[in-house]
There are 2 protein chains.
Amino acid sequence: MKFDAWYTEPQTENLSLSTKLKNILYVGQSKYQEIQILDTYEFGKVLILENTYQTTERDEFIYHELISHPALFTHENPKKVLVIGGGDGGTVREVVKHESVEKIDFVELDGMVVEVSKQFLPSLSCEIDNPKVNTIITDGIEYVAKTKEKYDVILVDCPDPVGPAAGLFEKEFYNNLFKCLNDDGIMVQQTESPLLHETLINKIKGHLKDAGFPVIRPLVCSIPTYPSGFWSFTLASKKNDPLTSDVNEIQDKLKNMPTKYYDQDVHKGVFLATPRYLK
Amino acid sequence: MKFDAWYTEPQTENLSLSTKLKNILYVGQSKYQEIQILDTYEFGKVLILENTYQTTERDEFIYHELISHPALFTHENPKKVLVIGGGDGGTVREVVKHESVEKIDFVELDGMVVEVSKQFLPSLSCEIDNPKVNTIITDGIEYVAKTKEKYDVILVDCPDPVGPAAGLFEKEFYNNLFKCLNDDGIMVQQTESPLLHETLINKIKGHLKDAGFPVIRPLVCSIPTYPSGFWSFTLASKKNDPLTSDVNEIQDKLKNMPTKYYDQDVHKGVFLATPRYLK
């Protein structure tokens, strides 16, 4: 008999996803949460927080390309970007690919997630020490409430709305994001599953509308290790609409930008593919 | 302690998906396969063939709307449709929604799947006895090899390429589909996961090209109970391209057609959203 160990995440009360383990590389407890790095046969190395899949080496390109490029290519010339959460560094890595970007403020609550990712997930965390990246270990909710900085793009790479992350889905947070964005600013947030969390997605849409964003567009994709695998992000923009972006311009810029998922067609496709029942 | 029973599908050697059971409604063995109907908390009633999730009441609308409407709306006036597989009846139900369709030949290998679906999954099988539907219990591979019939649209609602279904992914089958389609005919097949079966998807594309189809377009979506949840269909057309369809015309026709997922934006979005690495 061969060694046969599995990690199982109870994704809802009635659904769980299990993946076969090569090894458990790290188990630690930060001030905020339990952190694990697993080595798995199906997904490569996987980051687990509070017994919940966060990201995997195999499919992280889907999440990180789709949280970042649709906004960064909808904006005409993004220079200053705020990334909230995403301690693994995958989102920051995608933002760094944009030559126009001069500064990235990277606000993560849990410094231990950043350190563990630097050690175990170098393909994600590889740009955290880039000179354009200013890592700030603090609560993103407080940061946007207090800062006087203004950004072109804000990407909210947040966990599920439980515990300290609950406030990242509340009215006040969206009002503060609006305040922190320039007049042509754009934000994107991961906004859970269109199958399991339709009510939450509609609540967020309401908050974004109340905050004053004239353009609000959900986008959908597959994130294999998240509950149901059917996932959404929501983009809110003060001016430009991704559906009217010039795809030829995007295609030109992509010639020198390595992406695996995102291209000029995906730019509009992920928004257009949003199901009728979410519109 | 409460009763706590789970059904687990080993989706790959290294990945499994488990769902909590209310009840096991049916277990039977046909000439071809083991058939089960489970009642689950997360997905409602679920059809299992050979220990593999086929369809669930909760999310079947995604699969059945996306295998059918993109082709049926790309064709200008589909009258005669062939559905291969899909014994649960979900695909046939969507085709019946199109008023232009006069006849549907519904070719399913395993008559027992049709009977069990009629008994336990009425929301899927509800149109199988529609007078427009001609149910033929036979092997789809043999059917398209021998028939003299010509179709406007052929939908291949097939299981994974193992056992008797393997031939549904071979060169000869695609040549026969081409032969059975009118000069403006269109076919769609479910073509597995872009994450797990990239090689297969590219092989199918090659076969379709060799068969003579000038327009070949993969589309992507989320099917929560399939391996990785990230799924694809491939459309091949002799004339019309879904990316140049008139979306206003589609919108008009949809006014009187109840769909949950598909609309005129989804029509192009699911094709455009196909990842860069698949193009």
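This report walks through the cores, the chain interface, the salt bridges and a few backbone details of a predicted two-chain model.

## Ground rules

Because the model is predicted, local features need pLDDT of at least 70 and side-chain atom pairs count only at pLDDT 80 or more, while totals for chains, interfaces and linings use all residues. Residues are numbered from 1 along each chain as its sequence is written, chains are lettered from A and ligands numbered from 1 in the order in which they are written, and side-chain values use heavy atoms, with hydrogens and water left out.

## The nonpolar cores

Let's start inside. The largest nonpolar core holds 65 residues, and the members that touch the most others are I62(B), L66(B), V95(B), F233(B) and Y261(B). Such a core is a set of buried Ala, Val, Leu, Ile, Met, Phe, Trp, Tyr and Cys residues joined through side-chain atoms within 4.5 Å. Here buried means under 20% relative accessible area, exposed means over 50%, and partly exposed is in between (1.4 Å probe, protein chains only). With eight residues, helix α1 (residues 60-74) of chain B gives the most to this core. Helices (H or I, at least four residues) and strands (E, at least two) are DSSP runs, numbered from the N terminus.

Apart from this core lies another one of 45 residues, including I128(A), V188(A), C221(A) and Y262(A). As for I62(B), leaving out residues up to four places away in sequence, this residue touches F230(A) in chain A, and C221(B), S222(B), I223(B), P224(B) and Y261(B) in chain B. Contact means heavy atoms within 4.5 Å.

## Where the chains meet

Now to the interface, where 45 residues of chain A are in contact with 45 residues of chain B. The area buried between the two chains is about 3,600 Å², and carbon and sulfur atoms give 59% of this area. Buried area is the accessible area (1.4 Å probe) that two parts lose on being put together, summed over both. In chain A, the residues that lose the most area to chain B are N14(A), L195(A) and R276(A), together 19% of what that side buries.

Between chain A and chain B there are 25 residue pairs in polar contact, counting pairs with both residues at pLDDT 80 or more. A polar contact is a pair of N or O atoms within 3.5 Å; within protein, one must be able to donate a hydrogen and the other to accept it, and residues adjacent in sequence count only if both atoms are side-chain atoms. On the side of chain A that touches chain B, β1 (6-12), β2 (15-29), α1 (60-74), β11 (215-222) and α9 (264-272) each supply at least two residues. The largest share, six residues, comes from β2(A). That side divides into 24 nonpolar, 11 polar and 10 charged residues. Ala, Val, Leu, Ile, Met, Phe, Trp, Tyr, Cys and Pro count as nonpolar, Asp, Glu, Lys and Arg as charged, and the others, Gly among them, as polar.

## Salt bridges

The structure holds 32 salt bridges over all chains, and four are found across the interface of chain A and chain B. The rule asks for a side-chain nitrogen of Lys or Arg within 4 Å of a carboxyl oxygen of Asp or Glu. K279(A) and D263(B) form one such pair, at 2.8 Å from N to O.

Within chain B, K20(B) and D4(B) meet at 3.7 Å, N to O. K20(B) lies in strand β2 (residues 15-29) and D4(B) in the segment before β1 (6-12), so their salt bridge ties together parts that are 16 residues apart in sequence. K20(B) counts as buried at 19% relative accessibility, whereas D4(B) is partly exposed at 48%. R58(B) and E42(B) also form a salt bridge, with the closest N and O atoms 2.7 Å apart. R58(B) is partly exposed at 28% relative accessibility, while E42(B) is buried at 9%.

## Backbone and a helix

Most residues other than glycine have a negative phi. E50(A), not a glycine, has a positive phi of about 50°, and lies in the loop between β4 (44-49) and β5 (52-56) of chain A. N51(B), also not a glycine, has a positive phi of about 60° and sits in the loop between β4 and β5 of chain B.

Finally, helix α3 (residues 111-120) of chain A has V113(A), V114(A), V116(A), S117(A) and F120(A) as its buried residues. These pack against β2, β3 (34-40), β4, β7 (103-108), α4 (122-125) and β8 (133-137) of chain A.
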